[in-house]
Amino acid sequence: MEKLKNLSDRNKGIIFIILSAFGFAMMSAFVKLSGDLPSIQKTFFRNLISCIISFALILKYKESPFGSKENRKILILRSVFGTLGIILNFYAIDKLVLSDANMLNKLSPFFVIIFSAIFLKEKIKSNQSIAVLIAFIGALFIIKPTIDFEIMPYMAGILGAVFAAAAYTCLRVLGGREKFYTVVFFFSLFSTVSILPFAVMGYKPMTSIQFGYLILGGIFASIGQFGVTLAYKYAPAKEISIFDYSNIIFSAIISIVIFNTIPDKYSLIGYIIIFSASYYMFSYNKKAKN
């Protein structure tokens, strides 16, 4: 901990964003390991754990669990979009190679650009338009479009990124007006309560091992959530966002070691294209700041 204190804020941000990427990669692995359970059931347990952990932090720091009244509408919208994003992402994780599902989810920053232009009236620069177009071309290499039901998990992965981007756009509107653990608690509680009836109706009995995997998935999801929050506390997204793509490296290693699956050559080309578009935006933003 002493060494961490001596690091620059940028390096602290990098460490926390990589920790977050590892947390979300492990979450995805445990969600996949839990087997053929409904995505809503998996989402319920994932958010229940985050809800408990964030509530403990709220009690510790004596903050409002539901935020201020003027922020409530944005908190609700963020929670709705975030919940839909997780359900779709979990469905994609179940059906696809782990690194494919997680790379499709990494399209969300490009959708944020689009949503910011539509809803926040932020002007899209020509270089941003090019990066978005290149990223979507990369996604086509991963999806390998076909006219049959095999495309459904890929479409779920992209829709998951769309809803995640909508949730992130809400967080941009929210800014720093609420404590990070209040935002996490509100989202986790909303998600847990709203999907509880559906989780009960579609409940599928679990073995103790499956239950254990879901609990571990929830714990690593919390590590991912708090890691990314702390990362952006220490450094702006423009300086560290590219390190979030270490998630794909972790996911690829997990896919090979645990699930004995290797992404095909077209998926690898797609990864390179999307990462290149992201690196271009990262470099451009950093240069513009300087």
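Here is a quick tour of the aromatic rings in this structure, which is a predicted model.

The structure holds 17 aromatic pairs. Take Phe16 and Tyr234 to begin with: their ring planes sit at 5°, with the centres 5.8 Å apart, so this pair is stacked. It also ties together distant parts of the chain, with Phe16 in helix 2 (residues 9–33) and Tyr234 in helix 10 (residues 208–234), 218 residues apart. As for solvent, Phe16 counts as buried, at 14% relative accessibility, whereas Tyr234 comes out at 27% and counts as partly exposed.

Now for a pair within one helix. The rings of Phe275 and Tyr279 have centres 6.4 Å apart and planes at 20°; that is under the 30 degrees cut-off, so they count as stacked too. Both residues belong to helix 13 (residues 265–289), and they are four residues apart, or about one turn of the helix. Phe275 is partly exposed, with a relative accessible area of 34%, and Tyr279 is partly exposed as well, at 45%.

Here are those two stacked pairs side by side:

| Pair | Centre distance | Plane angle |
|---|---|---|
| Phe16 and Tyr234 | 5.8 Å | 5° |
| Phe275 and Tyr279 | 6.4 Å | 20° |

Rings also gather in a group: Phe22, Phe30, Tyr213, Phe220 and Phe250 make up one aromatic cluster.

And then there are charges over rings. Arg78 lies over the face of Phe187, 4.3 Å from the ring centre. Over at Phe259, the partner is Lys32, whose charged end sits over the ring at 5.8 Å from its centre.

Definitions and conventions
Residues are numbered from 1 along each chain as its sequence is written. This is a predicted model: local features need pLDDT of at least 70, side-chain atom pairs count only at pLDDT 80 or more; totals for chains, interfaces and linings use all residues. Side-chain values use heavy atoms; hydrogens and water are left out. Rings of Phe, Tyr and Trp (its six-membered ring) pair if their centres lie within 6.5 Å; planes under 30 degrees apart count as stacked, over 60 as edge-to-face and the rest as tilted. Helices (H or I, at least four residues) and strands (E, at least two) are DSSP runs, numbered from the N terminus. Buried means under 20% relative accessible area, exposed over 50%, partly exposed in between (1.4 Å probe, protein chains only). A charge sits over a ring if NZ of Lys or CZ of Arg is within 6 Å of the ring centre and within 35 degrees of the ring normal.
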